[in-house]
Structures are given as structure tokens and as C-alpha cells.
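Here is a short report on one chain. It covers the sheets, the core and a few loop residues.

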Amino acid sequence: MRIRFNHLLQLCILTVFFIAVALPAHAKYEPLPGEGKKIEIGTEYSFVYQFDKKPQLGVSILKIQVVDKDGKQDTSLKITGDSGMPSMSHHDTGEKEFKLNKKGTYLLPVDVVMPGGWAVKLVFRKEDKVIYQGIITFDI
Ligand SMILES: [Cu+2]
């Protein structure tokens, strides 16, 4: 009896440990408000995002515009997006870099290959240092 109880206790401690480790890693991605809403990155930058059309099956383009604290457009950041279905890992694209167009808008194609819940995890870097992480979720 005593050994079983100890095992149970160990299992509990392990479970609590894994939850404590796993949750903050997940929570690092701030859930983003809707399209077109201004999102602050610290005090230096802010951005808005928008899809070229309401996301549907097929490729949608995710567009991001960054401005500095004076409201001037900024293209010095590196942005990556990892799109996939949180409920299944086999669609995950891994971190793909947004491409800048001539107008200084960051663009990333998001390929929605099946109906369900989708997420795009965004990472913003300034000189290779991560300054912001956010997640966009939507249902098709
Ligand atoms: Cu799927």
C-alpha cells in the first residue's frame, strides 16, 4: 500500500510539473484582437493585421503593417508565421518568413487545407531578438 501511494504522489508531482512547464510556453503567444485593430509591441512599435479576404478554404494572404511610436511605417522587423490546426499537428508549416511588398506591407500566404479551427502563430524579431509573439485563431 505504501509503495502505491508513493507512486501516486510521484505521478501527481510530475503532472503538476509538466503543466507548470507547458502552460507558460503556450501562453507566450498573446491572443490577438480582430483584424484592423491596433496592437502594441512594447512602447516602440504597433501593428495591425488583416487577411486579403475572409479566410476560407484555399490560400488567403495575411497582411501586417508595422508603425513606430511616431506612427511612421517600419520595415525593420522580421516577422514569421507558423500556420496550422491546433487540434492536429500535421498541417503545421513551421516558421515562415513574411515577405515585404513595395508598399512596406508584410505578407504571408496562409493555406487552409481543411475546415476546422486554424491558428497562425506570429513571432516578431528586432535584430534577431524576439520582441513579440501573438496568435491569430479562426474557424473555417
Ligand atoms: Cu486538419
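Two strands count as paired when DSSP finds at least two bridges between them. By that rule β5 and β9 are a pair: they run antiparallel and are joined by seven bridges. The model is a predicted one.

## Overall layout

The chain contains one helix and ten strands. The order along the sequence is α-β-β-β-β-β-β-β-β-β-β. The chain has 140 residues, and 15% of them count as buried. Take the contacts between residues at least 6 apart in sequence: 46% of these join residues at least 24 apart.

## The mixed sheet

One open sheet has five strands, in the order β1-β10-β9-β5-β6, with mixed pairing. Its edges are β1 (30-31) and β6 (96-97). Each of these has a single partner strand, so one side of each is left without a neighbour in the sheet.

At the β1 edge, β1 and β10 run parallel and are joined by two bridges. Pro31 has Ile135 of β10 as its bridge partner.

Further in, β5 and β9 are joined by seven bridges. Here Thr80 has Val123 of β9 as its bridge partner. On the β6 side, β5 and β6 are antiparallel, with two bridges. Thr80 also stands opposite Glu97 in β6.

Which residues of β5 point to the buried face? They are Ile79, Gly81 and Ser83. Lys78, Thr80, Asp82 and Gly84 point to the other face and are not buried. In a regular strand, side chains alternate between the two faces of the sheet. Strand β5 covers residues 78-84, and its side chains do alternate.

## The antiparallel sheet

A second open sheet also has five strands, ordered β2-β3-β4-β8-β7, and its pairing is antiparallel. The edge strands are β2 (39-41) and β7 (99-100). Each pairs with a single strand, so one side of each has no neighbour in the sheet.

Three pairings in this sheet are set out below.

| Strands | Bridges | Bridge partners |
|---|---|---|
| β3 and β4, antiparallel | seven bridges | Tyr49 and Ile64 |
| β4 and β8, antiparallel | seven bridges | Gly58 and Val112 |
| β7 and β8, antiparallel | two bridges | Lys99 and Leu107 |

A hairpin of six residues links β3 to β4.

## The nonpolar core

Where are the contacts of the largest nonpolar core concentrated? This core has 16 residues, and those with the most contacts inside it are Leu62, Ile64 and Ile79. Five strands each supply at least two of its residues: β3 (45-51), β4 (58-68), β8 (106-112), β9 (117-126) and β10 (129-139). Strands of both sheets are on that list: β3, β4 and β8 belong to the antiparallel sheet, while β9 and β10 belong to the mixed one. In soluble globular proteins, nonpolar side chains tend to be buried together.

Ile64 shows how the core is connected. Beyond its neighbours within four places in sequence, Ile64 is in contact with Phe47, Tyr49, Ile79, Phe98 and Tyr106. One of these, Tyr49, is also its bridge partner in the β3 and β4 pairing. Another, Ile79, lies on the buried face of β5.

## Exposed loop residues

Asn101 sits in the loop between β7 and β8. Is Asn101 buried or exposed? Asn101 is exposed, with 12 other C-beta atoms within 10 Å. A residue counts as exposed at 12 or fewer. Asn101 and Lys63 are 38 residues apart in sequence, yet their C-alpha atoms are 10.0 Å apart.

The loop between β9 and β10 holds Glu127 and Asp128. Most residues other than glycine have a negative phi. Glu127 is not a glycine, but its phi is positive, about 45 degrees. Asp128 also has a positive phi, near 70 degrees. Glu127 is exposed, with 8 other C-beta atoms within 10 Å. Asp128 counts as exposed too, with 6 C-beta neighbours inside 10 Å.

Terms used: Residues numbered from 1 in each chain as written. Predicted model: local features only at pLDDT ≥ 70, side-chain atom pairs only at ≥ 80, totals over all residues. Core = buried A, V, L, I, M, F, W, Y, C linked by C-beta atoms within 7 Å. Buried ≥ 20, exposed ≤ 12 C-beta atoms within 10 Å, placed from the backbone. Helix = DSSP H or I, 4+ residues; strand = E, 2+ residues; numbered from the N terminus. Contact = placed C-beta atoms within 7 Å.
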